[in-house]
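These are my notebook entries from one sitting with the model. I kept them in the order in which I looked things up.

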Amino acid sequence: KQERQWNPETQTVDYLAPEYGFYRLYNYNFSVSGSTKLYGMYRFKNPKAKVKAIRHVITPTVGFSYAPDFSKQKYGYYKVVQSDTTGRVQVYSPFEGNAYGVPSSGRSAAINFSLKQNLEMKVASDRDTTGTRILKLIDDLTISGSYNFLADSMNLSNINLSFRTTITQNFGIQLSATLDPYQVTPEGRRINKLAWAKGRPGRITSTGWS
C-alpha cells in the first residue's frame, strides 16, 4: 500500500514509500433475480400459404442487487488527505493500482432489468422431410439496464441494446449500442434530467457491429 500526506513546504500531496506486505481486502454483495418466458404464436389458416406460422418469444428478467459502502472508515480501504492550501481534502485508497483493485465506494441498491426477444417463422420447404423449415428472423433483441435507488442523482444506468440475426447458414450480423438516458448541456456536461422529457430515447455513446 502507498499512503499520501500533505507537504506544507511544497504545498503538494506527497506519495510516501510503498509498504509491502499481506493486506486483506474483501467485499460482498447480495443479489436475486427471476425470469420467465412468454410465447406468442400466429398460425396462417390458408393451407397453401408459403408462411405457415410466426412465433414470438419474450424473456423478461428482473433482479435486485445490494452492495454496502466500502469507503466507510471501518473497512480502512479509503482515506482522506489535504489537497490544497484552502484545506480541502481528497479521498484516496492506499491500495490503488493493485492487480485486484479496490472495493467500490458508495452504497448501491439497484433494480436490474432486461427484455430479450426472439422471432421465428415457419415456412413451407421441399428440402425438409417434414415439409417445413424454421427461419430465424431475430435471434436476439435485448434491452437492459439498472436503476440505483441510493444514488444521489442520475439513478438510471446507461441502456444497453443488442441485436443478432442469421442472414444465411454461414453469415450472421450482430449490432450493439449504448444509450445515455440523461440530457447534456451545450458544453457537454450531463445533467439530472432524462432525455425522454424531450421525446428522445437517449444519446448514443457507443455502437458496435460484427
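I began with methionine 154, which I record as partly exposed because its relative accessibility is 22%; in the convention I use, buried means under 20% relative accessible area, exposed means over 50%, and partly exposed is what falls in between, with a 1.4 Å probe and protein chains only. Methionine 154 sits in the loop that runs between strand S9 (132-148) and strand S10 (159-168), where strands (E, at least two residues) and helices (H or I, at least four) are DSSP runs numbered from the N terminus. I noted the backbone here, since methionine 154 is not a glycine and yet has a positive phi of about 50°. Most residues other than glycine have a negative phi, and most peptide bonds are trans. I also entered glutamine 11, again not a glycine, with a positive phi of about 55°, and placed it in the loop between strand S1 (4-7) and strand S2 (12-15).

Before going further I wrote down the ground rules: this is a predicted model, in which local features need pLDDT of at least 70 and side-chain atom pairs count only at pLDDT 80 or more, while totals for chains, interfaces and linings use all residues. Residues are numbered from 1 along each chain as its sequence is written, and side-chain values use heavy atoms, with hydrogens and water left out.

Next, the aromatic residues. I looked up tyrosine 147 and found it in strand S9, partly exposed because its relative accessibility is 33%. Which residues make the nonpolar surface patch of about 540 Å²? I listed Phe30, Val32, Tyr66, Tyr147, Phe149 and Leu150. Patches of this kind take residues with over 30% relative accessible area and no salt bridge, and join nonpolar side chains (Val, Leu, Ile, Met, Phe, Trp, Tyr) within 5 Å, whereas like charges are joined within 9 Å. The areas come from the Shrake-Rupley method with a 1.4 Å probe, and for residues only the protein chains shown count as cover.

My search of the whole structure for aromatic pairs gave ten. The rings of tyrosine 147 and phenylalanine 149 have centres 5.2 Å apart and planes at 70°, so I entered the pair as edge-to-face. For pairing, ring centres of Phe, Tyr and Trp (its six-membered ring) must lie within 6.5 Å, and planes under 30 degrees apart count as stacked, over 60 as edge-to-face and the rest as tilted. I also noted a cluster in which ring pairs link Tyr26, Tyr28, Phe70, Tyr75 and Tyr77.

I then turned to salt bridges, counting a side-chain nitrogen of Lys or Arg within 4 Å of a carboxyl oxygen of Asp or Glu, and arrived at eight. One of them joins glutamate 96 to arginine 4, with the closest N and O atoms 2.9 Å apart. This pair links distant parts of the chain, 92 residues apart, since glutamate 96 is in the loop between strand S7 (89-92) and strand S8 (108-124) and arginine 4 is in strand S1. Arginine 4 is buried, at 15% relative accessible area, whereas glutamate 96 is partly exposed at 45%.

Aspartate 140 and arginine 164 meet in another salt bridge, at 3.7 Å from N to O, linking strand S9 to strand S10 across 24 residues. Here I found aspartate 140 buried at 10% and arginine 164 partly exposed at 34%.

For arginine 190 and aspartate 180 the N to O distance is 2.7 Å, and the pair, ten residues apart, links strand S13 (residues 190-194) to strand S11 (residues 171-180). Aspartate 180 is buried, with 3% relative accessible area, while arginine 190 is partly exposed at 34%. A last entry under this heading is the salt-bridge network of Lys1, Glu3 and Lys79.

Finally, the overall form. I counted 14 strands and zero helices. The radius of gyration is 26 Å, well over the 17 Å that the globule rule gives for 210 residues, so the protein is more spread out than a compact globule; the radius is taken over C-alpha atoms, and the rule is 2.2 Å times the number of residues to the power 0.38. The C-alpha trace spans about 90 × 45 × 30 Å along its principal axes, and 25% of the 210 residues count as buried.
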